[in-house]
Amino acid sequence: MQRDNSTDRAGLSELSGDEVGLAVLLRAWRARAGRKLGLGKPLPQVEVAAEVGMSERWYRDLERGATPRLDARTLTALAHALQLCSDERATLFLYAAGGEPFPAVSPVDGALDLAPLRRLLDQQTTQPAYLTDNAWNILGHNEVMAEWFPWVRKPGANLIRWGLTDPEARQQLADWPRHGRAYLAMLRFAMAQYPGHPELTEILRTALEDPECRRIWDDGPVIIANRDGHTYRLRIPRFAPHTVDVVTQVLNPAGYPGLRLTYVTLSAEPDTDTDADA
């Protein structure tokens with residue numbers, strides 16, 4: 001199924017250019033590179049351009065929003081000059097390529113048979129498990145997930161929207177600012193992966209209306225591709241008055257592009273790394 005993204009991109013344009021897009025990331029990455037090098041100022045544009053083997057004007061235009069085609073060698077050199085981590089490097093490549101196409105079929109249209117994946121969820125009877133699409137809409141869950149998090153039963157349940165905007169999330173996710181930072185970082189990556197995606201745009205717009213989310217977002221661009229293997233602490237009624245340490249495992253079914261199977265298991269190690277999601 002082909003999508004006309006013209007109206008989706010119009011919605012995205014309502015967000016400031018200083019909030020989303022490659023140009024704002026390049027400026028922030030260059031400023032961080034300067035700090036890492038002890039310069040006391042952003043790494044000069046001319047030095048970035050020289051390391052890439054391009055002109056200063058070429059790089060300056062990138063930071064002004066130009067979107068020229070970039071080959072793999074140039075992208076690799078640019079990522080090295082800006083000292084990007086693996087998720088940031090992937091984001092740079094996604095922007096240069098125009099993102100990944102939306103899945104060929106949409107689960108919402110009923111054209112995708114999710115029964116096999118839902119059976120996998122049902123076979124997990126001791127720990128929460130759930131299925132989401134590329135905008136983190138809940139497409140399926142097992143009974144344990146619903147017992148831990150009853151909100152997944154609600155029509156239109158969405159993990160990122162719940163995590164960023166629902167007061168319940170701020171009670172149940174211990175050290176919530178850490179989670180808010182991670183969810184916003186995953187939104188940044190997803191918006192590079194699926195440019196113009198209407199639901200991602202709306203989730204971000206709604207989240208940024210919240211002062212705490214806005215503060216985290218304005219702290220600077222952090223990018224996380226996924227939370228696979230991340231350990232964190234929950235404070236939910238099932239375990240009250242105690243907290244519980246859990247770890248998430250995120251699987252991407254090869255035959256279902258854009259979908260994620262996530263399993264939440266009790267962690268053998270307590271959550272002591274408060275910067276793991278930064």
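Leaving aside neighbours within four places in sequence, which residues is T132 in contact with? Hi everyone, let me start there. T132 touches N137, I138, L139, G258, L259 and R260, where contact means heavy atoms within 4.5 Å. T132 is found in strand β1, residues 129–132. T132 is buried, at a relative accessible area of 1%. For the cut-offs, buried is under 20% relative accessible area, exposed is over 50%, and partly exposed is in between, with a 1.4 Å probe and protein chains only.

A word on where the numbers come from. This is a predicted model, so local features need pLDDT of at least 70 and side-chain atom pairs count only at pLDDT 80 or more, while totals for chains, interfaces and linings use all residues. Residues are numbered from 1 along each chain as its sequence is written, and side-chain values use heavy atoms, with hydrogens and water left out.

Now the overall picture. The protein has 13 helices and five strands; these are DSSP runs, H or I of at least four residues for helices and E of at least two for strands, numbered from the N terminus. Of the 278 residues in the protein, 49% are buried. Among contacts with a separation of 6 or more, 55% are between residues 24 or more positions apart.

Let's move to helix α4, residues 56–63. Its buried residues are W58, Y59, L62 and E63. Seen down the axis of α4, these buried residues fall within an arc of 140°, so they line one face of the helix; the arc is taken from the directions from the helix axis to the C-beta atoms. What do the buried residues of α4 pack against? They pack against α2 (22–36), α3 (45–52) and α5 (72–81). After α4 comes G65, with a positive phi near 110°.

One residue of α5 deserves a stop here: T74. T74 is buried, with a relative accessible area of 6%. Beyond its neighbours within four places in sequence, T74 is in contact with V52 and W58. T74 and E51 are 23 residues apart along the chain, and their C-alpha atoms are separated by 9.7 Å.

On to helix pairs. The axes of α5 and α6 (residues 86–97) come within 10 Å and cross at roughly 140°. Axes here are lines fitted to C-alpha atoms, for helices over the stretch in contact, and angles run from 0 to 180 degrees between N-to-C directions. This crossing of α5 and α6 is right-handed; that label applies if the near helix is turned clockwise from the far one by less than a right angle, and left-handed if anticlockwise. From α5, A72, L75, T76, L78 and A79 meet R89, L92, F93 and A96 of α6. By class, that contact has seven nonpolar, one polar and one charged residues.

Our second pair is α11 (residues 176–193) and α12 (residues 198–207), which pack at about 145° with their axes 10 Å apart. Here the crossing is left-handed. L184, L187, A190 and M191 of α11 meet L200, T201, I203, L204 and A207 of α12. That contact divides into eight nonpolar, one polar and no charged residues.

Last, the cysteines. How many disulfides does the structure hold? Zero, taking a disulfide as a pair of cysteine sulfur atoms within 2.5 Å. C85 is partly exposed, at 36% relative accessibility, whereas C213 is buried at 0%. Thanks for listening!

Conventions. Nonpolar A, V, L, I, M, F, W, Y, C, P; charged D, E, K, R; others polar.
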